[in-house]
Amino acid sequence: MLRRSSLLSFRMSLGKMLVDYKLSSRDHQRAVRVQDARVDPTLETTVVPMHWLEALRSPSKRLPTGYYIEEPVYVAPPGAPPAQPNEKPREPNAIRAGPVVMYITGEQIPLALTVHFVKEDEWGMKTGEDVDLRVGLDAVEQCGLFAEMRPGGLLAKKPLSELKQYGLQCGLAESPLVARPWTKMKHMFIDEIQRGPKLTEFVGHNSRTGTPWRFSQHNRYFRVGIWRETIRRNEMHEGTHAHSSWQKSHQQAVPGVHFLAP
């Protein structure tokens, strides 16, 4: 079972969610480490600087280029005017290549992404330490950060105050319908999962001497049960049952029914 570690995978700064990650090539031979990358779910695809295209390229005999996909595309930089309906297609300004593998600090699983390698000057990615790197929705939806996109989460589109106009009664953490970590289900009340196949079935009130539970004829152990029952009764008459580990009384022969059992 996948368990979230106690280490938080993100931190908030001025309303922005920041994460650390390691981006490695498909065969994990080359890698780049990043600190304080901004999580931006409004961005469809993660963007990284163009000079990482060669830094993460790891060719092999079967894949000489090092990437399964490597194609020029147009990616609208931040602040660019939206494309008009009858406008001719714009010149490609980025390269869509992949897959690359992203490990976000604090997340359990690696993410396989096809990212956009964009020009640094268009996206305001300075060559110094202050680089505006964006982790897009394609990475968010593969990891635990996706939970923060729910209503009331840190990446939610609408603030919680706006949701109360649509009929939200209380804060989400106050709702009894939201599971708490300490209300985990500890037992599954399914007999076949907990105790193996059911050997008996309920046939209703039988008589004063019988029990309402009988071995089921639809069970593959039914005939074995009848045969052992016969053997056991014979041994009880012959007195050899004292050395046997088989159940001694009629009641104990029916599992789960302890009426008058010693």
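## A buried salt bridge

Let's start with aspartate 40, which is buried, its relative accessible area being just 8%. Its salt-bridge partner is arginine 134, and the closest N and O atoms of the two sit 2.8 Å apart. The pair ties together distant parts of the chain: aspartate 40 belongs to the loop between S3 and S4, arginine 134 to strand S8 (residues 134-135), and 94 residues separate them. Arginine 134 is buried as well, because its relative accessible area of 11% falls under the 20% cut-off.

Bear in mind that this is a predicted model.

## The other bridges

The count of salt bridges comes to seven. One of them brings together the side chains of arginine 11 and aspartate 36, at 2.1 Å from N to O. Here too the chain is bridged between distant parts, with arginine 11 in strand S1 (residues 11-13) and aspartate 36 in strand S3, 25 residues apart. Arginine 11 has 37% relative accessibility, so it counts as partly exposed. Aspartate 36, at 39%, also counts as partly exposed.

Then there's glutamate 71, whose side chain meets that of arginine 96 in a salt bridge of 2.9 Å, N to O. This one links strand S5 (residues 69-73), home of glutamate 71, to strand S6, where arginine 96 sits; the two are 25 residues apart. Glutamate 71 is partly exposed at 33% relative accessibility, and arginine 96 is partly exposed at 27%. As for shared partners, salt bridges join Arg11, Asp20 and Asp36 into one network.

## The overall build

Stepping back, the protein has five helices and 10 strands. Of its 262 residues, 30% are buried. Its exposed surface comes to about 18,600 Å², with carbon and sulfur atoms supplying 55% of that. If you take the contacts between residues at least 6 apart in sequence, 54% of them join residues at least 24 apart.

## The nonpolar core

The largest nonpolar core has 39 residues, and the ones touching the most other members are Val19, Tyr21, Trp52, Met102, Phe117 and Leu145. Several elements chip in with at least two residues each: strands S2, S3 (31-39), S4 (47-49), S6 (94-104) and S7 (111-118), plus helices H1 (52-55) and H2 (137-140).

Take valine 19 from that set. Leaving aside neighbours within four places in sequence, valine 19 is in contact with Ser9, Phe10, Gln35, Asp36, Ala37, Val39, Ile104, Val135 and Leu145. Asp36 in that list is the salt-bridge partner of arginine 11.

## Around methionine 17

Methionine 17 is found in strand S2 (residues 16-24). With a relative accessibility of 2%, methionine 17 counts as buried. Its contacts, not counting neighbours within four places in sequence, are Phe10, Arg11, Met12, Ala37, Arg38, Val39, Leu145, Glu148, Leu154 and Leu155. Leu154 is 137 residues away from methionine 17 along the chain, yet their C-alpha atoms are separated by 7.9 Å.

## Aromatic details

The structure holds one aromatic pair. There is also a charge over a ring to look at: lysine 22 lies over the face of tyrosine 103, at 5.3 Å from the ring centre.

Definitions and conventions:
Residues are numbered from 1 along each chain as its sequence is written. This is a predicted model: local features need pLDDT of at least 70, side-chain atom pairs count only at pLDDT 80 or more; totals for chains, interfaces and linings use all residues. Side-chain values use heavy atoms; hydrogens and water are left out. Helices (H or I, at least four residues) and strands (E, at least two) are DSSP runs, numbered from the N terminus. Buried means under 20% relative accessible area, exposed over 50%, partly exposed in between (1.4 Å probe, protein chains only). Contact means heavy atoms within 4.5 Å. Accessible areas come from the Shrake-Rupley method with a 1.4 Å probe; for residues, only the protein chains shown count as cover. A nonpolar core is a set of buried Ala, Val, Leu, Ile, Met, Phe, Trp, Tyr and Cys residues joined through side-chain atoms within 4.5 Å. Rings of Phe, Tyr and Trp (its six-membered ring) pair if their centres lie within 6.5 Å; planes under 30 degrees apart count as stacked, over 60 as edge-to-face and the rest as tilted. A charge sits over a ring if NZ of Lys or CZ of Arg is within 6 Å of the ring centre and within 35 degrees of the ring normal. A salt bridge is a side-chain nitrogen of Lys or Arg within 4 Å of a carboxyl oxygen of Asp or Glu.
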